[in-house]
Amino acid sequence: MKTSAGILLFKKEKNSLYYFLVHPGGPFWKNKDLGAWSIPKGEILADENPLQRALIEFEEETGKTIDGKFIELSPIKQKGGKTVYAWALESDLDTADLYSNTFPLEWPPRSGKIMEVPEVDQWQWFPSEEAQQRINTAQKNFITELENIINQ
């Protein structure tokens, strides 16, 4: 079964928590919004350190490197069966100059036509309540767990 690793970036502003989420690129995700957003993440390769993979994916999907005191969160299982490991980090990030790597995609499927698609086409900070509506349903648990840790 596939596994991924990612970073849940968060910041506090005026007693509110905000979460940094990314929207997947490509025609399949073009008109999808609620439940389509995600933490920046990617597939863990065999014998790879999951946190290292999460940091590599963050850089690939934003063009930025991050560092700090990471909070390990409990892994979740998405609807398709993929397990996602995540670490939260309190940090701010300006979304103005972010950029994503691209990948080749056959579209429409089985058409033989290949197009270059950005892995991520949008980046945004969302207040907690809105983030929980936009994020992949299974990934909501990352936000819930982090808020429980913060509010202890």
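Tutor: Ground rule for rings: those of Phe, Tyr and Trp (its six-membered ring) pair if their centres lie within 6.5 Å, and planes under 30 degrees apart count as stacked, over 60 as edge-to-face and the rest as tilted. This is a predicted model, where local features need pLDDT of at least 70, side-chain atom pairs count only at pLDDT 80 or more, and totals for chains, interfaces and linings use all residues. Residues are numbered from 1 along each chain as its sequence is written, and side-chain values use heavy atoms, with hydrogens and water left out.

Student: Which residues form one aromatic cluster with F20?

Tutor: By the pairing rule, the count comes to four aromatic pairs. The cluster with F20 is made up of F58 and W125.

Student: What kind of pair do F28 and W29 make?

Tutor: F28 is partly exposed at 48% relative accessible area, and W29 is partly exposed too, at 29% (buried means under 20%, exposed over 50%, partly exposed in between, with a 1.4 Å probe and protein chains only). Their ring centres are 5.1 Å apart and the planes sit at 85°, so the pair is edge-to-face.

Student: How many residues apart are W37 and F126?

Tutor: Their ring centres are 5.0 Å apart with the planes at 85°, so this pair is edge-to-face. Both W37 and F126 are buried. W37 is in the loop between β2 (16-24) and β3 (41-43), while F126 is in strand β9 (120-127) (strands are DSSP E runs of at least two residues and helices H or I runs of at least four, numbered from the N terminus), a link between distant parts of the chain that are 89 residues apart.

Student: Which lysine puts its charged end over the ring of W125?

Tutor: Over a ring means NZ of Lys or CZ of Arg within 6 Å of the ring centre and within 35 degrees of the ring normal. K32 does this to F28, 4.2 Å from the ring centre. For W125 the distance is 4.4 Å, and the residue is K11.

Student: How many residues are in the largest nonpolar core?

Tutor: A nonpolar core is a set of buried Ala, Val, Leu, Ile, Met, Phe, Trp, Tyr and Cys residues joined through side-chain atoms within 4.5 Å. L8, Y19, L21, I39, L73, F142 and L146 touch the most other members, out of a core total of 19 residues. β1 (3-13), β2, β6 (83-90) and α3 (140-150) each supply at least two residues of that core. A second, separate core includes L55, W87, L89 and L93 and has 18 residues, against the largest one's 19.

Student: Within what arc do the buried residues of α3 fall?

Tutor: The buried residues are F142, I143, L146 and E147. They line one face of the helix, because seen down the axis (using directions from the axis to the C-beta atoms) they fall within an arc of 125°.

Student: Is S100 buried or exposed, and which backbone nitrogen does its side chain reach at 3.0 Å?

Tutor: S100 lies in the loop between β6 and β7 (102-106), and at 16% relative accessibility it counts as buried. Its side chain reaches the backbone nitrogen of E119 at 3.3 Å. At 3.0 Å, the backbone nitrogen reached is that of V120.

Student: How far apart in space are K41 and I135, C-alpha to C-alpha?

Tutor: K41 lies in strand β3 and is buried, with a relative accessible area of 17%. K41 and I135 are 94 residues apart in sequence, and their C-alpha atoms are separated by 13 Å.

Methods: Polar contact = N/O pair within 3.5 Å; in protein donor to acceptor, adjacent residues only side chain to side chain.
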